[in-house]
Amino acid sequence: MLKATIDAEIFREAIEAISALVPECRLHTAEDGITTRAVDTANVAMIAFTLKKEAFDTFKATKSEIGVDISKMKNIFNMGGKGDLISLELADNAQKMAVSVHGYHYSITLLDTNTIRKDPNSPTINLPGKVVISGEDLNNAIKAAAVISDKIAMGINPKDQTFYMVAEGDTDHIQREFGKDELKSLSPVEARSLFSLDYLRDMGKVMSKATEVEVCLGIDHPVRFSFDIAGGNGHVEYLLAPRIEAD
Amino acid sequence: MLKATIDAEIFREAIEAISALVPECRLHTAEDGITTRAVDTANVAMIAFTLKKEAFDTFKATKSEIGVDISKMKNIFNMGGKGDLISLELADNAQKMAVSVHGYHYSITLLDTNTIRKDPNSPTINLPGKVVISGEDLNNAIKAAAVISDKIAMGINPKDQTFYMVAEGDTDHIQREFGKDELKSLSPVEARSLFSLDYLRDMGKVMSKATEVEVCLGIDHPVRFSFDIAGGNGHVEYLLAPRIEAD
Amino acid sequence: MLKATIDAEIFREAIEAISALVPECRLHTAEDGITTRAVDTANVAMIAFTLKKEAFDTFKATKSEIGVDISKMKNIFNMGGKGDLISLELADNAQKMAVSVHGYHYSITLLDTNTIRKDPNSPTINLPGKVVISGEDLNNAIKAAAVISDKIAMGINPKDQTFYMVAEGDTDHIQREFGKDELKSLSPVEARSLFSLDYLRDMGKVMSKATEVEVCLGIDHPVRFSFDIAGGNGHVEYLLAPRIEAD
């Protein structure tokens, strides 16, 4: 059971954070909010998403699992205006969710959760390098790299106390170093891994709105991006597997 | 014969109202203004269009019929700036119309009126349900429905005194009800018909600029939208045939 | 050798002026600035481009020739923000140029100058008709003509003291006359030639930002457009061959 109202902007922000990775997901409702955890079809990226009860204007839910077509939700609700309230309503074991916004009443068919991949386990990975950076800076560096290459190396140089991003194109090369003055914090632990810009570009667009993104890195290990949404009442973690560095 | 000057914005508004339905038409000039009446190629929608002499800055015309390539006019004049005056000049039996705007002089070849469909008769249809609504509200509801379906039902619920629009997609459903507080007026007569969103989308874009649109409905009957253009010195009527409600 | 810093906006303006004609070019560096002279692949249009040392914030160079992939430069640097400084650095006989902007460090592979067409000779053509016009007016007339045709005639009518542009489409015709009040200056010498709008459209976009463009014309002769960039510290000349007037 779910019965809630939420600001249209926050709702859209949440949908976009999930849709950067997967077109559909299992949403878990509980007394204290909603969560999801999903892996993309290629098993390369994972999202862990939480939207606390406090992010909603009103919220009442029991423990349940619902299958949501995230891409569809994104199309339908990309026109809700600022300040509009969205109300969500779902009976126990219902196949359809009732959504109302600004005089519009939607009845949206849910997906059978059996057709959606099981929730992935939370991997225990040790990523000792840690940096906190503005989402806009992070996204700009990703966009600049994408002009000349399809992959990017991210790393920490403990000696210089810098976080760096390096991309090699067929003929060109780009490097961006963030010193201590451009970072909110940095753990000076050697780290460097290579990632696909395909994934990073979609993630970057979402992260660009976050004031602070925590980036956790290792050596040839995944990267984890963590940031708040919904004014601190929601949280997103993206985990992205490294690519193999080859010549 | 036609010799007239008109504000570029009003001219463009008029061209767009016609081009939402037909790519070419017979324009009738007369002493008191210009009119057209045209049916789309599929015989599904009709436009009756009037631009009174008062909509022009200067206007002199004799009774005549000219064939106009509306799509071409739209392309050519979509860049006239605000406040610019367009002058139109056409001799008796001329094949070309001289159009001047902001230092540019065009000579535009007219179409042979024999190649354009005859003017349709004005059908006499009884549409007892009547609602007056803002063009923006109407267009927004059409756009929202178009995300999930290709057809929409419009109707009046006399008991609730509401005007409603309902669209069914393959899996989803959307409903928008306008109560008395959102309408300028409503005749509480039972009405409901189904329409193709293909046509409504183009009409909706034009109607979105009108403060008031009169919507006349019946049961499984056409819909008629009437609204003013050119600050009340012009008028447009769209008539759209219903689709058959099937499952 | 080249070591210079320049405002990102000016750099982009320079790149765009060149890329309207050619995708790659030989840039000549010298003590007093950089220059290029290039012909398009079809031998129809030529550019002569100068950016004086004064256009840069700092500038130090020796006489040299470098091969630059202009299209690539345009893609990479179309996101530099206003007020940003770009620094360029190139060692003697280096294959790569180091470019830094706003914390980003690029290493860009240069082209082998042997693979780029030799610099064209400066043709000595007598173009007695001369007009000075605002770049925006010129570009607007080019855009209006491009809606109905793929070529345009430009000419000077010495009797009326007007500069005119005429385009004939399959069925339509457009003419724009600029009188003395719309021109900065005019030499009343008979002139008229026909040009391809394909080329003019790209040139027009660049010229639209220039306050004054000098247009030099003859009878069935090329046209030469000259205008300043970089606040007067740079100069561009486009030369465009005429098309044959046929029916």
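**Chain B between its two neighbours**

Strand S9(B) pairs with strand S13 of chain C (residues 173-178) through four bridges, and the two run antiparallel. Pairing here takes at least two DSSP bridges between two strands; strands (E, at least two residues) and helices (H or I, at least four) are DSSP runs counted from the N terminus. Within this pairing, Tyr106(B) has Ile174(C) as its bridge partner in S13(C). The model is a predicted one, with local features needing pLDDT of at least 70, side-chain atom pairs counting only at pLDDT 80 or more, and totals for chains, interfaces and linings using all residues. Residues are numbered from 1 along each chain as its sequence is written, chains are lettered from A and ligands numbered from 1 in the order in which they are written, and side-chain values use heavy atoms, leaving out hydrogens and water.

What else goes on between chain B and chain C? On the contact count (heavy atoms within 4.5 Å), 13 residues of chain B and 14 residues of chain C take part. About 1100 Å² is buried between chain B and chain C, with 57% of it on carbon and sulfur atoms; buried area is the accessible area, taken with a 1.4 Å probe, that two parts lose on being put together, summed over both. One salt bridge turns up across this interface, by the rule of a Lys or Arg side-chain nitrogen within 4 Å of an Asp or Glu carboxyl oxygen. It joins Lys72(B) to Asp172(C), at 2.9 Å from N to O. On the chain B side, helix H2 (70-76) and strand S9 (104-109) each bring at least two residues to the surface touching chain C, and S9(B) gives the most, six residues. By class, that side of chain B holds five nonpolar, six polar and two charged residues; nonpolar covers Ala, Val, Leu, Ile, Met, Phe, Trp, Tyr, Cys and Pro, charged covers Asp, Glu, Lys and Arg, and the others, Gly among them, are polar.

Over on the chain A side, 14 residues of chain B meet 13 residues of chain A. Chain B and chain A bury about 1100 Å² between them, and 57% of that lies on carbon and sulfur atoms. A salt bridge links Lys72(A) and Asp172(B), again at 2.9 Å from N to O. Helix H3 (135-148) and strand S13 (173-178) of chain B each supply at least two residues of the side touching chain A, and the largest share, seven residues, comes from H3(B). This side divides into five nonpolar, four polar and five charged residues. Strand S9 of chain A (residues 104-109) pairs antiparallel with S13(B) over four bridges, with His173(B) as the bridge partner of Ser107(A).

Inside chain B, nine strands form an open sheet in the order S6-S2-S3-S4-S18-S17-S16-S10-S14, with antiparallel pairing. Its edge strands are S6 (64-69) and S14 (185-187) of chain B, each paired on one side only. From one strand to the next, the twist averages 15°. Helix H1 of chain B (residues 8-19) packs on the sheet, touching S2, S3, S4 (45-52), S17 (223-229) and S18 (234-240), and makes about 165° with the direction of S4(B). Helix H4 of chain B (residues 197-207) also packs there, touching S4, S16 (213-217), S17 and S18, with about 165° to the direction of S18(B). Axes are lines fitted to C-alpha atoms, for helices over the stretch in contact, and angles run from 0 to 180 degrees between N-to-C directions.
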